[in-house]
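Please look through the structure below slowly, from its overall division down to single residues. The paragraphs after it are meant to be read with the picture in view.

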Amino acid sequence: MAEHEKTLANTIGLYIHVPFCLKKCCYCDFVSYPYSEAAAGTYLDALLKEIDMYSLGLPDQEKQLASIFIGGGTPTCLSSGSLTAILDRLRRGFSLVPGCEITIEANPGTVDRQVLDVLRTSGVNRLSLGIQAFQDQLLSALGRVHTAAEAVEAIRAAREAGFDNLNLDFIFGIPGQTREEWLETISLAADLRPEHIAVYGLQLEERTPLERLVARGEIQPCSEELELSFYLAAIEFLSSQGYVHYEISNFARPGRESVHNLGYWLNRRYLGLGPAAHSYLPGGRYANDATLAGYAGRVARGELPVCSREGETVAKEMSETIFLGLRLIGGFDLAAFYQRFGRRAEEVYRKEITRLLEAGLVEFAGGRLRLTAAGLPLANEVFIEFV
Ligand code: SF4
């Protein structure tokens, strides 16, 4: 991870939001629209123009990319030709550092060997597959478009296409999911030997079909105790399989941590392109228009599609650096904090840190402040102290 931290110095990460999915999953509140060729054409035209605007407008030092992450939505709804065109345009307008991590998110059922070959050849070097579960009845309860067999097939095709850096995403706490099913899922995941695994507790987002079913009492949500036991089981099992638990939800083989996400947790700068994408650039945080029509309309008028800006203050930057850094299992580096702000976190947040130390939720270790094992399941309560 230290190597990645060096790569991230004086670079930014670039995120591209692709707002299309074949079908909306019933728990999802991300910005995504049903895929259509016409909408994808509108999107691609606008996105390429937005890339040009930033490549002309940003100073050179903010165009050094350590990572590119094409997420969504389901980026692989777009044709491989469109995805290649996006990467070509980025290469033309930005500088990619040697070894720049280029990730694309994909769902099983939207990729085959041919698409994966094109992506690999066009420089994508990391694939993130949304697998979520290995039981078809749970996938169908989530409204996913793929089966467990298709997920295994997508992983096999990715390996054949030459992807040697794979992330697999999983969800626990699905209504009706048993402990045996979760253990089977993580065990099958480890058997497939991906370089990276992410596990997320299911969130019941407002106004999603799943949340409404739960609110009407038609579905029983997973209890907090069971969800916690799933999480702890994942930590224990994946650690026993050689995965380093390096962030609250993320596990990697040594050296295979996500460079792009590390940039977020280290509170580094990033540029987000596409509808609903967020940026963190000198001057503050910016959010793009979340609707495809609004986004494309602004770009067509020659404007950046930013619809909200939040100015930056040192106090805000310090607080974000702490609570994002505490997401890392190793914690945040106290010396790096001092170097960045010229103030010691232990002094700025003396009261908060003392309270958390006394409660046994954080600890100092090796020049870092980190969550303890007891603090890990209570991470959100710890973060609130610094907001
Ligand atoms: S595939 Fe992902 S982004 Fe699309 S609806 Fe499902 S969870 Fe949301």
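What follows goes from the domains to the place where they touch, then to the nonpolar core and the ligand.

The model shown here is a predicted one, and its protein is divided into domain 1, which covers residues 2-265, and domain 2, which covers residues 314-384. Between the C-alpha centres of domain 1 and domain 2 there is a distance of 28 Å. The two parts also touch, since seven residues of domain 1 are in contact with seven residues of domain 2. On the side of domain 1 that touches domain 2, strand E9 (244-247) and helix H10 (259-265) each supply at least two residues, and E9 gives the most, with three residues. Sorted by class, the residues on this side of domain 1 are five nonpolar, one polar and one charged.

We can now turn to the interior. The largest nonpolar core contains 94 residues, and Phe170 and Ile197 are those with the most contacts inside it. Both domains take part in this core, which draws at least three residues from each of domain 1 and domain 2. If residues up to four places away in sequence are left aside, Ile197 touches Leu168, Phe170, Ala189, Leu238, Tyr243 and Phe251.

Last comes the ligand. Which residues surround the ligand? They are Cys21, Lys24, Cys25, Cys28, Phe30, Ser32, Gly72, Gly73, Thr74, Asn107 and Gly130. Taken by class, this shell around the ligand has four nonpolar, six polar and one charged residues.

How values were computed
Residues numbered from 1 in each chain as written. Predicted model: local features only at pLDDT ≥ 70, side-chain atom pairs only at ≥ 80, totals over all residues. Core = buried A, V, L, I, M, F, W, Y, C linked by C-beta atoms within 7 Å. Buried ≥ 20, exposed ≤ 12 C-beta atoms within 10 Å, placed from the backbone. Domains from an automatic or database assignment. Helix = DSSP H or I, 4+ residues; strand = E, 2+ residues; numbered from the N terminus. Nonpolar A, V, L, I, M, F, W, Y, C, P; charged D, E, K, R; others polar. Near = placed C-beta within 6 Å.
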